Amino acid sequence: MSISYIPGNGSSSDPSASLGVMHHHVLSVLVENRAGVLARIAQLFSRRGYNIFSLAVAPTDDSRFSRITIVVDVDSAPLEQITKQLHKLINVIKISELDPAESVECELLVATVNADISARGHVMELVALFDGKIIDVGIDKLTVLATGEPNKIDDFSELLSSFGIVELQRTGRVALAKLERQSNKLKNTTGRAG
Amino acid sequence: MKLTGAQALIKSLEMQGVDVMFGLPGGAILPVYDPIIDSPIRHVLVRHEQGAGHMAEGYAHATGRPGVAMVTSGPAATNIVTPLADAYMDSVPIVVITGQVATGSIGTDAFQEADITGITMSVTKHNWLITDANDIPDVVAEAFYVATTGRPGPVLIDFPKDVANAQMDWYWPSSVDLPGYKPNPRGHSKMIAAAVKMIFEASRPVFYVGGGVLNARASDVLAELVELTGIPVVTTLMARGAFPDDHPLCLGMPGMHGNYTAVTALQQSDLLIALGSRFDDRVTGKLDGFAPHAKVVHVDIDPAELGKLRRPDVPIVGDCRSVIEDIVRAIKADPDAYQHRADITDWVATLKSWQEKYPLKYEQPSLSGVLKPQYVIEKLRDAAPSDTIVVSGVGQHQMWASQYWKFNYPYTWINSGGLGTMGFAIPAAIGAKVGKPDRTVWAIDGDGCFQMTAQELVTASIEQIPIKVALLNNSYLGMVRQWQEMFYGERYSEVYLSPDLPDYVKWSEAMGCASFRVENAEEVGPAIEKANEINDRPVVIEFRTDSSEKVFPMVPAGVSNDNIILGPEGLM
């Protein structure tokens, strides 16, 4: 499929356009891969009254460490206090604050939608537009999958809802810092200008 | 060398230099109690696990070394949660070892199973569940390292029974490997320079000294900094003794029950130099109204304290000792700036005039009349050696002790500040006396507190730990009574305890203590004299004190510190 959907207001170019990004911040937390680490982080958030929008955990290429990507609500507490408290956890090794404009973010969605014979073609067209996949087929339903930046997934989810969503699961976002494309000197100059 | 897990645990404690531990055995921890018989470590057998935890805290406060407590699984482990929470709030280094059911039974609701690592996650600096006997030396080394470095605090090691019985090859680690834990004791030099500049410019500066100064063993360098700058000092409830009360620049305790000068000095200052203090609500009152004109230099080893409640103008992450030394050095390095620093003589003179005008006050009516608790504390103080360690519980007696004792040496005042744990005094005093056997240890306790942990006097008697207890019996939960009188229209709800039930003298005697009762002011002096002569067992003096006496000054909860009430007349 050569034609695919690109979100109009990419979160990378305009953070405020995406749902609530103004009040969200993405923390990429490198932790020791030990029993109970997730519980420690979850408990810290609950105890201090910080809100989590989404959370994704997986081992890194080094099996001693895992990376936890947390989307936090910076309205519930100042980001600085959240990261300082996280740093106090002995198993937390490194925290990177990912500004949506300076990071690449990705999320995965699977959804079962109503797709009887009359709607099936439309659903398949939509899935194709979003570079998605059909991963299960029923008599009158399809289970579909799409990945991409959270904005795109929001749009996909909204468009799917017109067919009737039976079940939906999103992973929450994972993210890494954007790579350098310019030398530091140039980058600093643009930074100041901006 | 092959050892069992239990032997390895005790040997690891010996390697850490542990000389005493407080505990009580039970099913899951049984294997570990066997090698204790052969170990040089002294074990103090407590009567309740909460006592073991507070003893470890008292020991740590008094000696500066980590306190160690060991108890079994389940209910024993949950009984020691309160001391862990207490130590976490007050940054006290203690290492608690709990027994646990065998690893294969974890999660099956086995007999005396409790998920103690889960339960204590939020009240420990860190905790460990050991699942492999080969990890024991590493974990013990890590636990002591974490408890005693950076901002000190409690840690817990959960120790399953099968791990205790397993064999391991003994080793002792030469270092700990904690990639996520790198405390940084040195303050940033730019920030130190900025702090010095602010100190030179301020005309109404105050040192707001907290428990971090004691944890950093920094009293001597603080004294040097105060002498150099002439800046007055307040010492918070956790820092009493960090700067001597008899020094002319010592203003005493600030906060909800602080004296007028200490409270108002903070309110009117133009620069707070917060050293190891954390802007606790009991110090600040209504945060928005606290020290409204002051710039803030905030020094703390815990970066999360900087800006948590009050945004500092100069944040300095570092150990108080190291940072104060750097500040002193920076001041001495610039004699010209020192010469031209702002003049603070008017400020110091104003504070002096407040001290004269608004001293702490109470009235002891006549020697035969009703006994005032403050009078008792003054008499105790005057008859005690100057390096006496004073330990208190929580409530009115705690505030009076902090107000009326004169603390001229560091580590002579031990109390539960952050958590406010009633019943802290007796076990903590026992721990302090074990750590400092040559010093006089007075526990100043209330009748409500006493009833919570008095059973540890049995421990003190049997283990020959001769603490002294001044029990201020006003037959009420006094601080609650005070609030009900002042803020709930004198509607006294569930605060009356009775003066005679229990009979404290008989009870104390039954626990192996010397004990006597004092009912009026006349008897106070002789009773204290008698108590001071008894050194072969614990002694409890019950003082029958005035139930209606209230702690003043007082800043009511939720209002600005400008609205300080100086005495009962201020309530009209």
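In the predicted model, strand β5 of chain B (residues 94-100) pairs with strand β7 of that chain (residues 155-160) in the parallel sense, the two being joined over six bridges. Within this pairing, Q100(B) of β5(B) has P160(B) as its bridge partner in β7(B). Strand β5(B) also pairs with strand β4 of chain B, which comprises residues 67-71, and here too the sense is parallel, with five bridges; M70(B) is the residue that stands opposite I97(B) of β5(B).

The surroundings of β5(B) are in keeping with a mostly covered strand, since seven of its seven residues are buried. Both faces are covered, with I94(B), V96(B), T98(B) and Q100(B) buried on one side and V95(B), I97(B) and G99(B) buried on the other. Thus I97(B), which lies opposite M70(B), and Q100(B), which is bridged to P160(B), belong to opposite faces of β5(B), and both are buried.

Helix α14 of chain B covers residues 320-332, and because a rise of 1.5 Å a residue predicts a span of 18 Å for its 13 residues, the separation of 18 Å between its end C-alpha atoms agrees with expectation. Buried positions in α14(B) include the run from C320(B) through R321(B), S322(B) and V323(B) to I324(B), together with D326(B), I327(B) and I331(B).

Between the chains, 14 residues of chain B are in contact with 15 residues of chain A. The side of chain B that touches chain A consists, by class, of seven nonpolar, six polar and one charged residues.

Key: Residues numbered from 1 in each chain as written. Chains lettered and ligands numbered in written order. Predicted model: local features only at pLDDT ≥ 70, side-chain atom pairs only at ≥ 80, totals over all residues. Buried ≥ 20, exposed ≤ 12 C-beta atoms within 10 Å, placed from the backbone. Helix = DSSP H or I, 4+ residues; strand = E, 2+ residues; numbered from the N terminus. Pairing = 2+ DSSP bridges. Expected span 1.5 Å × (residues − 1). Contact = placed C-beta atoms within 7 Å. Nonpolar A, V, L, I, M, F, W, Y, C, P; charged D, E, K, R; others polar.
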